[in-house]
Amino acid sequence: MAASINRVVLVGNLTRDPELRHTPGGTPVCSLRLAVNSRRKDESGQWVDKPNYFSISVFGNQAESCTQYLSKGRPVAIDGRLDWREWDAQDGTKRQAIEIIADSVQFLGGREGGGAGEQQYVPAGATAAADTADFAPSAADDDIPF
């Protein structure tokens, strides 16, 4: 039988300020709402951005850091897993939701103004290759006509 994989990687902007709460056991939990654009062609053939919205939960010390340093509009990268849950609402109806449980949150851009000094998201496993790569411009780059 094949192994199951439940992995989500998203890069987008926060649609509201982080909200911090604590579990009954005292564990900090931060709720984030993330907008991620998808490019699609509309009926006229023009490319348009369609936003997708995701609910994110961050636990532990990272939850406190998110609450302290993030705010609405800030770009972030999320690496985590999907979690489906259901519950009985107060009116007796069954409710369900899909959210992302973040394993890591990478803060992108500058503290002020959201996108100032924007950074590129690099997945955790890719850092070793980037550390050894040579990104210096070469003389051959001057021959490229664009």
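**View 1. The largest nonpolar core of this predicted model has 17 residues.** A nonpolar core is a set of buried Ala, Val, Leu, Ile, Met, Phe, Trp, Tyr and Cys residues joined through side-chain atoms within 4.5 Å. Buried means under 20% relative accessible area, exposed means over 50%, and partly exposed lies in between (1.4 Å probe, protein chains only). Look for Leu34, Ile56, Val58, Ile78 and Val105, the residues with the most contacts inside this core. At least two core residues come from each of β1 (8–14), β3 (28–41), β4 (47–59), α1 (61–69), β5 (75–88) and β6 (94–107). Strand β3 gives the largest share, four residues. Helices (H or I, at least four residues) and strands (E, at least two) are DSSP runs, numbered from the N terminus.

**View 2. Here are the neighbours of Ile78.** Leaving out residues up to four places away in sequence, Ile78 touches Val8, Val9, Leu10, Leu32, Leu34, Ile56, Ile100, Ala102, Ser104 and Val105. Contact means heavy atoms within 4.5 Å.

**View 3. Arg33 lies in strand β3.** Arg33 counts as partly exposed because its relative accessibility is 25%. Its side chain makes a polar contact with the side chain of Ser55 at 2.7 Å. A polar contact is a pair of N or O atoms within 3.5 Å; within protein, one must be able to donate a hydrogen and the other to accept it, and residues adjacent in sequence count only if both atoms are side-chain atoms. You can also find Arg16, 17 residues from Arg33 in sequence and 6.4 Å away in space, C-alpha to C-alpha.

**View 4. Tyr69 and Phe107 form the one aromatic pair of the structure.** Their ring centres are 6.4 Å apart and their planes meet at 50°, so the pair is tilted. Rings of Phe, Tyr and Trp (its six-membered ring) pair if their centres lie within 6.5 Å; planes under 30 degrees apart count as stacked, over 60 as edge-to-face and the rest as tilted. Because Tyr69 sits in helix α1 and Phe107 in strand β6, the pair ties together parts 38 residues apart in sequence.

**View 5. Confidence varies along the protein, from helix α2 to strand β2.** The mean pLDDT (the predictor's confidence in each residue, from 0 to 100) is 82 for the protein. Among the elements, helix α2 (residues 127–132) has the lowest mean, 49, and strand β2 (residues 19–22) the highest, 96. Where pLDDT is low, the predicted coordinates should not be read in detail.

**Notes.** Residues are numbered from 1 along each chain as its sequence is written, and side-chain values use heavy atoms, leaving out hydrogens and water. In this predicted model, local features need pLDDT of at least 70 and side-chain atom pairs count only at pLDDT 80 or more, while totals for chains, interfaces and linings use all residues.
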